[in-house]
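Good morning, everyone, and thank you for making time for this. I would like to walk you through one pair of helices and the charged side chains that go with them, so please have a look at the structure first.

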Amino acid sequence: MIYRVLARKTPYEPKTRSGRPCVVDISSDRRIQRMASCQKMSVREITRAFRLKISKNTVHRRIIESGYMIHAKMARRLPLSKLHISNRLQWARIHVSYGDKWMAVLFSDEK
(Lines give C-alpha, C1' and ligand atoms only; values in the text may rest on other atoms or scores of the structure.)
Protein backbone atom coordinates (compact mmCIF):
# COMPACT_ATOMS: atom_id res chain seq x y z
CA MET A 1 0.00 0.00 0.00
CA ILE A 2 2.73 2.47 0.94
CA TYR A 3 4.74 1.47 -2.14
CA ARG A 4 1.80 2.35 -4.40
CA VAL A 5 1.51 5.79 -2.83
CA LEU A 6 5.27 6.45 -3.19
CA ALA A 7 5.40 5.05 -6.73
CA ARG A 8 2.66 7.37 -8.01
CA LYS A 9 3.64 10.06 -10.44
CA THR A 10 1.09 12.46 -9.03
CA PRO A 11 1.50 13.64 -5.43
CA TYR A 12 -0.72 12.16 -2.76
CA GLU A 13 -3.56 14.39 -1.67
CA PRO A 14 -6.11 13.40 0.95
CA LYS A 15 -9.72 13.31 -0.17
CA THR A 16 -11.92 16.21 0.77
CA ARG A 17 -14.45 15.57 3.50
CA SER A 18 -17.91 14.76 2.32
CA GLY A 19 -20.98 16.22 3.94
CA ARG A 20 -21.85 19.58 5.35
CA PRO A 21 -18.93 21.61 6.73
CA CYS A 22 -18.86 22.39 10.46
CA VAL A 23 -20.33 25.71 11.52
CA VAL A 24 -17.99 26.03 14.50
CA ASP A 25 -14.22 25.97 14.08
CA ILE A 26 -11.69 24.49 16.53
CA SER A 27 -11.03 27.73 18.43
CA SER A 28 -14.75 28.33 18.90
CA ASP A 29 -15.07 24.73 20.10
CA ARG A 30 -12.46 25.35 22.77
CA ARG A 31 -14.14 28.60 23.78
CA ILE A 32 -17.49 26.81 24.20
CA GLN A 33 -15.87 24.10 26.32
CA ARG A 34 -14.03 26.67 28.45
CA MET A 35 -17.21 28.65 29.08
CA ALA A 36 -19.13 25.51 30.00
CA SER A 37 -16.48 24.16 32.37
CA CYS A 38 -15.23 27.33 34.10
CA GLN A 39 -18.49 29.19 34.55
CA LYS A 40 -21.89 27.95 35.61
CA MET A 41 -23.66 28.89 32.40
CA SER A 42 -26.51 27.16 30.68
CA VAL A 43 -26.35 26.17 27.01
CA ARG A 44 -28.70 29.02 26.16
CA GLU A 45 -26.49 31.58 27.96
CA ILE A 46 -23.40 30.29 26.14
CA THR A 47 -25.22 30.58 22.81
CA ARG A 48 -26.19 34.20 23.58
CA ALA A 49 -22.66 35.06 24.70
CA PHE A 50 -21.21 33.76 21.44
CA ARG A 51 -23.16 36.15 19.20
CA LEU A 52 -22.83 33.69 16.33
CA LYS A 53 -25.74 32.26 14.44
CA ILE A 54 -25.51 28.79 15.94
CA SER A 55 -28.28 26.89 17.65
CA LYS A 56 -28.29 25.79 21.26
CA ASN A 57 -28.34 22.20 19.99
CA THR A 58 -25.00 22.78 18.27
CA VAL A 59 -23.51 24.16 21.50
CA HIS A 60 -24.91 21.23 23.48
CA ARG A 61 -23.51 18.74 20.93
CA ARG A 62 -20.05 20.35 21.08
CA ILE A 63 -20.01 20.09 24.87
CA ILE A 64 -21.00 16.42 24.76
CA GLU A 65 -18.52 15.58 21.97
CA SER A 66 -15.67 17.12 23.97
CA GLY A 67 -15.63 13.93 26.05
CA TYR A 68 -14.31 15.31 29.33
CA MET A 69 -17.52 16.95 30.50
CA ILE A 70 -20.23 14.77 31.97
CA HIS A 71 -23.88 15.72 31.95
CA ALA A 72 -25.48 15.30 35.35
CA LYS A 73 -28.67 16.64 36.83
CA MET A 74 -28.38 18.95 39.78
CA ALA A 75 -29.57 17.71 43.15
CA ARG A 76 -33.10 18.83 43.92
CA ARG A 77 -32.45 19.25 47.62
CA LEU A 78 -29.57 19.86 49.97
CA PRO A 79 -27.83 16.82 51.45
CA LEU A 80 -28.66 15.87 55.03
CA SER A 81 -26.75 17.64 57.77
CA LYS A 82 -25.01 15.70 60.54
CA LEU A 83 -27.79 16.67 62.96
CA HIS A 84 -30.46 15.23 60.65
CA ILE A 85 -28.48 12.03 60.17
CA SER A 86 -28.08 11.54 63.91
CA ASN A 87 -31.81 12.22 64.50
CA ARG A 88 -32.74 9.64 61.87
CA LEU A 89 -30.40 7.06 63.41
CA GLN A 90 -31.85 7.72 66.85
CA TRP A 91 -35.41 7.26 65.54
CA ALA A 92 -34.42 4.01 63.78
CA ARG A 93 -32.79 2.63 66.94
CA ILE A 94 -35.92 3.39 68.98
CA HIS A 95 -38.23 1.73 66.44
CA VAL A 96 -36.12 -1.37 65.68
CA SER A 97 -38.03 -3.42 68.22
CA TYR A 98 -41.42 -2.32 66.88
CA GLY A 99 -42.13 -5.93 65.82
CA ASP A 100 -45.49 -6.82 64.24
CA LYS A 101 -46.75 -3.25 64.60
CA TRP A 102 -44.89 -2.45 61.34
CA MET A 103 -47.59 -4.41 59.46
CA ALA A 104 -50.08 -1.64 60.34
CA VAL A 105 -47.83 1.16 59.02
CA LEU A 106 -48.46 2.45 55.50
CA PHE A 107 -45.36 3.67 53.59
CA SER A 108 -45.62 5.92 50.56
CA ASP A 109 -43.20 7.57 48.13
CA GLU A 110 -44.92 10.92 48.18
CA LYS A 111 -42.91 13.95 49.12
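**Two helices and a salt-bridge network**

Helices H2 and H4 are roughly perpendicular to each other in this model, which, please keep in mind, is a predicted one. H2 covers residues 26-38 and H4 covers residues 56-66, and the two pack at an angle of about 85 degrees with their axes 10 Å apart; since angles from 65 to 115 degrees count as roughly perpendicular, this pair is therefore described in that way.

If you look at where they touch, H2 contributes Asp-29, Ile-32, Gln-33 and Ala-36, while H4 contributes Val-59, Arg-62, Ile-63 and Ser-66. Sorted by character, the residues of this contact are four nonpolar, two polar and two charged.

Let me now turn to the charged side chains. How many salt bridges does the structure hold? There are two, and I will take them one after the other.

In one of them, the side chains of Asp-29 and Arg-62 meet at 3.5 Å, N to O, and this pair links distant parts of the chain, because Asp-29 sits in helix H2 and Arg-62 in helix H4, 33 residues apart.

In the other, Glu-65 meets Arg-62 at 3.4 Å, again N to O, and here both residues belong to helix H4, three residues apart, or about one turn of the helix.

Taken together, Asp-29, Arg-62 and Glu-65 are linked in a network of salt bridges.

Finally, is Arg-62 buried or exposed? Its relative accessible area is 15%, and buried means under 20%, so Arg-62 counts as buried, and Asp-29 is buried as well.

Technical notes. Residues are numbered from 1 along each chain as its sequence is written. This is a predicted model: local features need pLDDT of at least 70, side-chain atom pairs count only at pLDDT 80 or more; totals for chains, interfaces and linings use all residues. Side-chain values use heavy atoms; hydrogens and water are left out. Axes are lines fitted to C-alpha atoms, for helices over the stretch in contact, and angles run from 0 to 180 degrees between N-to-C directions. Helices (H or I, at least four residues) and strands (E, at least two) are DSSP runs, numbered from the N terminus. Angles under 35 degrees count as roughly parallel, over 145 as roughly antiparallel, 65 to 115 as roughly perpendicular and the rest as oblique. Contact means heavy atoms within 4.5 Å. Ala, Val, Leu, Ile, Met, Phe, Trp, Tyr, Cys and Pro count as nonpolar, Asp, Glu, Lys and Arg as charged, and the others, Gly among them, as polar. A salt bridge is a side-chain nitrogen of Lys or Arg within 4 Å of a carboxyl oxygen of Asp or Glu. Buried means under 20% relative accessible area, exposed over 50%, partly exposed in between (1.4 Å probe, protein chains only).
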